[in-house]
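Reader: Could you take me through this model, beginning with its strands and its core and ending with its charged pairs?

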Amino acid sequence: MAGNSDVLDRRERVILAEDLAGVAEGTPGEVMLHTGMRWLRYWVRFDSGAERGSIHRDKLVREAEWEDFLVERAAAEAAAEAAAESGGGPSSDLEDQTTAAADDGASEDVVVNGATVPSHLLARSASARERLGG
C-alpha cells in the first residue's frame, strides 16, 4: 500500500506511486480536493499539467514520505522474489491452474490474487476451450 490510511488535505503535495493514464509514476502534484465519505478519492493537479480525479489514497504518497516508500517497496519486492525462488510463492498463472484443475478432474476451487474461482467455472471454461479448439 503506497499511502497511509490518513486523509490528505487540500493543497497537500503528493507523488504518484503508480502509473495512471497519461501520468507517470513519480510525478509530483497537489491535491485539489477529496470526495466521498467512507470511500475517499482524490483529485490531483500534477506538475506535468495533467489533472486526474478518482485516485485512491494507496496510489498517492506525501512528498516527505516518498524516499521511505521507495525503500519499503524495494524491500517488499526483494522478499517476494526470495519467496518465489524458494518455491514458497504462489503461482500467478491462471491458465496453468485452470488447465491443471480441469485435467485432474479436481473439484477444488482455485484462489488467484485473493479471489476464489469456483471449480464448476473452471470446468466450464475448460470445456468451452475444447469446443472452440483452443
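The questions and answers below go through strands, core, salt bridges and a helix.

Author: This is a predicted model, in which local features need pLDDT of at least 70 and side-chain atom pairs count only at pLDDT 80 or more, while totals for chains, interfaces and linings use all residues. Residues are numbered from 1 along each chain as its sequence is written, and side-chain values use heavy atoms, with hydrogens and water left out.

Reader: Which residue of β2 stands opposite V14?
Author: Helices (H or I, at least four residues) and strands (E, at least two) are DSSP runs numbered from the N terminus, and two strands pair if DSSP finds at least two bridges between them. β1 and β2 (residues 28-35) run antiparallel and are joined by three bridges. On the other side of the description, β2 and β3 pair in the antiparallel sense over six bridges, and F46 in β3 is the bridge partner of G29. The residue of β2 opposite V14 is G29.

Reader: Which strand gives the most residues to the largest nonpolar core?
Author: A nonpolar core is a set of buried Ala, Val, Leu, Ile, Met, Phe, Trp, Tyr and Cys residues joined through side-chain atoms within 4.5 Å, where buried means under 20% relative accessible area, exposed over 50% and partly exposed in between, with a 1.4 Å probe and protein chains only. The largest such core has twelve residues, among them L8, V14, V44 and F46. β1 (13-16) and β3 (41-46) each supply at least two of its residues, and the strand that gives the most, with three, is β3.

Reader: How many residues apart in sequence are the parts that R62 and E12 tie together?
Author: A salt bridge is a side-chain nitrogen of Lys or Arg within 4 Å of a carboxyl oxygen of Asp or Glu, and R62 forms one with E12, their closest N and O atoms being 2.2 Å apart. R62 counts as buried at 14% relative accessibility, and E12 likewise counts as buried at 17%. R62 lies in strand β5 (residues 60-62) and E12 in the segment before β1, so the separation of the parts they tie together is 50 residues.

Reader: How far apart are the end C-alpha atoms of helix α3?
Author: The expected span of a helix is 1.5 Å times one less than its number of residues. Helix α3 (residues 119-131) has 13 residues and should therefore span 18 Å, which agrees with the distance between its end C-alpha atoms, 18 Å.
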